[in-house]
Amino acid sequence: MTERPIYITAATHISMQQPLDEQWLTEPILHTEPYVRSIDPNFRQWLNPLEARRMGKILKRALVTASEAMTRSGISNPDAIITGTGLGCIENTELILEALCRDGEQTLKPTYFMQSTHNTISSLIAIHHRCHGYNSTYSHRGVSFDAALLDAFVQLSLGDIATALVTGNDELTPSYFNILKRLGYVGNPRQVPAGEASAAIMLATEPGDNPLCRLEQCRLSYGTPPLDTLPRDVDTVMLGINGHDANDELYRQIATLYPDATLLRYKHIFGESYTASALGVYAAAAIINAGVIPAAMSLDGKASSAAAPRRLLVVNHSDSRCLSFTLLSKP
């Protein structure tokens, strides 16, 4: 694989923090509820009411974050649009199933059916912006976004494409939250809130005017976690600790590999979801660009005295079987 520099030229989010800005860097909203839905912007700034009323929340969020990433990067027609989503358009899926149970197959609404599949998100972004290039969706539970990012990273590294919009999107309905709570995935004592994620990241092989950071490495593995492959020459490590013992054990092992690094966490600020790692990568890029580490994200109390990060490693895992890491650095 040819070594080509890859840059994150723009990144946006809609989450349980103030949407589409970086206010969380200095004034994060710390939620204590077990389940928190995203704070939505005024969608009418991007979508006309007739268009918006046909879309579920996840589609509106995905379209707005993608549009903002395109605007901020100056790239209006990326070569690839790749989305990671664990649950897809679960709200519309539930509406279809509820109607089937209640009314049979006589009065189903076609819009709910058309917008219930996982790949609707990536397709809608492409249709809205008239992008006719590579378009793909990954749905691999907790590493859905990581798989999408890896796809873009490989294609950019090979020179097959020069720009890529990578997004991570998930919504969480009250009924599905209750299912995940019964399964023990969220809603446990001391665990971070379950939330929703919508993040869009623009990648390019040219840095543009003011890139947020450089994407140096992106890896995804399955099976016994290969901790010996993690990069060691880093000064900051961001872990997906969420307060659940089964989830956090592997992160605690990883933390011991970096005794001199600044350790950060992010899920207590952005929530737990199948694509929380999308918000983790977004947050890491914003931190490198701002040159400051928020004290609220410190895992070990060292953040307040830490220097601005040069190389930041974001580590994520799903069920301790799928391990991914993303290495970002100053451009």
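This talk goes through one protein model, from its overall build to a few individual residues.

Let me start with the ground rules, since what we have is a predicted model, in which local features need pLDDT of at least 70 and side-chain atom pairs count only at pLDDT 80 or more, while totals for chains, interfaces and linings use all residues. Residues are numbered from 1 along each chain as its sequence is written, and side-chain values use heavy atoms, with hydrogens and water left out.

On the overall build, the protein has 10 helices and 10 strands, where helices (H or I, at least four residues) and strands (E, at least two) are DSSP runs numbered from the N terminus. Its radius of gyration is 19 Å, close to the 20 Å that the globule rule gives for 331 residues, so the protein is as compact as a globular protein of that length; the radius is taken over C-alpha atoms, and the rule is 2.2 Å times the number of residues to the power 0.38. The C-alpha trace spans about 65 × 45 × 40 Å along its principal axes. The accessible surface comes to about 14,100 Å², and 51% of that belongs to carbon and sulfur atoms, with areas from the Shrake-Rupley method and a 1.4 Å probe, where for residues only the protein chains shown count as cover.

Of the 331 residues, 56% are buried, buried meaning under 20% relative accessible area, exposed over 50%, and partly exposed in between (1.4 Å probe, protein chains only). Among contacts with a separation of 6 or more, 79% are between residues 24 or more positions apart, a contact being heavy atoms within 4.5 Å.

Turning to the interior, the largest nonpolar core has 45 residues, and those touching the most other members are Ile8, Trp24, Leu203, Met238, Ile287, Met297 and Leu328. The largest share of this core, 11 residues, comes from α10. By a nonpolar core I mean a set of buried Ala, Val, Leu, Ile, Met, Phe, Trp, Tyr and Cys residues joined through side-chain atoms within 4.5 Å. Apart from this core lies another, of 23 residues, including Ala69, Ile125, Leu165 and Ala200. As for Ile8, if we leave aside its neighbours within four places in sequence, its contacts include Leu203, Val281, Ala285 and Leu328.

Next comes strand β2, and here one can ask how many of its five residues are buried. The answer is five of the five. Ala80, Ile82 and Gly84 point one way from β2, whereas Ile81 and Thr83 point the other way. In a regular strand the side chains alternate between the two faces of the sheet. β2 pairs in the parallel sense with β3 (residues 134–138) over five bridges, and Thr83 stands opposite Thr137 there; pairing requires that DSSP finds at least two bridges between the strands. Five bridges also join β2 to β4 (residues 163–170), again in parallel, and in this pairing Ile81 stands opposite Leu165.

Which residues lie around the loop that follows β2? Leu87, in the loop between β2 (80–84) and α3 (90–103), is buried at a relative accessible area of 12%. Not counting residues up to four places away in sequence, Leu87 touches His118, Asp170, Glu171, Leu172, Tyr176 and Tyr274.

Asp170 comes up again with Thr275, which sits in the loop between α9 (267–270) and α10 (276–290). The side chains of Thr275 and Asp170 are joined by a polar contact of 2.9 Å, that is, a pair of N or O atoms within 3.5 Å, of which, within protein, one must be able to donate a hydrogen and the other to accept it, with residues adjacent in sequence counting only if both atoms are side-chain atoms. Thr275 is buried, because its relative accessible area is 0%, and, leaving aside neighbours within four places, its contacts include Gly84, Thr85, Gly86 and Ser144.

Finally, two backbone points deserve a look. Leu20, in the loop between β1 (7–14) and α1 (49–52), has phi near 65°, a positive value in a residue other than glycine, and Leu20 is buried at 11% relative accessible area. Ser320, in the loop between β9 (311–318) and β10 (322–329), likewise has a positive phi, about 60°, although it is not a glycine, but Ser320 is partly exposed, with a relative accessible area of 30%.
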